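Please read this note beside the model itself. The points are meant for someone meeting the structure for the first time, and they can be checked one by one.

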Amino acid sequence: MNLSDSQTAGPVPRRVSAMEAVLAHLRGAIERGEYAVGDKLPSEAELCRTLEVSRPVLREALRALQTMGLTVSRTGKGTFVVARAVQDPTFGDYAARDLMEVRRHIEIPVAGYAAQRRTPEDLDRLTHLLERMEQETDTTAWVALDTLFHLSVAQAARNPVFRRVIEEIRDALARQSAFLNELGGRREQSDREHRALVEALAAGREHDAIAAMSHHLDRVEKTLTDIVRAARAPSAAGA
């Protein structure tokens, strides 16, 4: 089966990746009941052959299915369907809904404190991270920088408890960031949002820093919601 023959679900705002096309096909098959709850998905070798994709591409799609809560991987046994519809993705140990709730209650006021308390060294660190992110083309490297950026904002608030909280959810933040960038194309938009935050911190504008972080988290949540609600993502030619 060639994924370019799949049905589309509406207008395409951007060209999707091969992984997204594979994910769309498998997710659609699960939601249509072609793979029922409790069924085992075909082996990786069989799926690669049928969908005409490489194993790394397939594995990314399988990880996304698991993050969405549709499947579970059992060592030595394979991948099994555990739900027919996406409810709430999980990132590491935390559900997306819980993670976003905590982020709003912690990172928004942290941005305000950081605007009041940041040092020149904090601004240098954040500016350097931002410049590296804007130039980075590798998703894995960008995600690592993104997580470090948010940790550095917490550090600029000059309260070690804030940083400790962000450290606690660091793995979940990285997983969420990778998920949104792979499926939502968030990287460039996120860079712009980060720059607006750094500018507010540099100017010492508490209100603007709070607004910038609020906007950033709003966009994160909207992208996440769009991914979860989508019945099926469009396929890509050449997948």
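The points below take up one helix and then several salt bridges.

1. The model is predicted, and that should be kept in mind throughout. A good place to begin is helix α5, which runs over residues 120-135: its 16 residues, at 1.5 Å a residue, should span 22 Å, and the C-alpha atoms at its ends are 23 Å apart, which agrees.

2. Which residues of α5 are buried? They are Asp 122, Leu 123, Leu 126, Leu 129, Leu 130 and Met 133. Because these residues cover an arc of only 130 degrees around the axis, they lie on the same side of α5. The other side of the helix carries exposed residues, namely Pro 120, Glu 121, Asp 124 and Gln 135.

3. The buried residues of α5 are covered by other parts of the model, and what covers them includes α4 (96-117), α6 (139-156) and α9 (187-203). A reader who wishes to follow the buried side of α5 may therefore look towards these helices, among them α4.

4. Across the whole structure, a search finds 16 salt bridges. As background, side chains of opposite charge can pair when their charged atoms come close. One of the salt bridges belongs to α5 itself, where Asp 122 pairs with Arg 125, with the closest N and O atoms 3.1 Å apart. These two residues are three places apart in α5, and so about one helical turn separates them. Asp 122 is buried, at 2% relative accessible area, whereas Arg 125, at 32%, counts as partly exposed.

5. In helix α4, the side chains of Arg 103 and Glu 107 meet in a salt bridge, at 2.5 Å from N to O. The two residues are four apart, about one turn of the helix, and both Arg 103 and Glu 107 are buried. In general, an α-helix has 3.6 residues a turn, so residues three or four places apart point the same way.

6. Helix α7 (residues 160-168) holds a further pair, Glu 167 and Arg 163, which are four residues apart, about one turn of the helix. Their salt bridge has its closest N and O atoms 3.4 Å apart. Glu 167 counts as partly exposed at 31% relative accessibility, and Arg 163 is also partly exposed, with a relative accessible area of 26%. Elsewhere, Glu 44, Arg 55 and Arg 59 are joined into one network by salt bridges that share partners.

Conventions: Residues are numbered from 1 along each chain as its sequence is written. This is a predicted model: local features need pLDDT of at least 70, side-chain atom pairs count only at pLDDT 80 or more; totals for chains, interfaces and linings use all residues. Side-chain values use heavy atoms; hydrogens and water are left out. The expected span of a helix is 1.5 Å times one less than its number of residues. Buried means under 20% relative accessible area, exposed over 50%, partly exposed in between (1.4 Å probe, protein chains only). The arc is that of the directions from the helix axis to the C-beta atoms. Contact means heavy atoms within 4.5 Å. A salt bridge is a side-chain nitrogen of Lys or Arg within 4 Å of a carboxyl oxygen of Asp or Glu.
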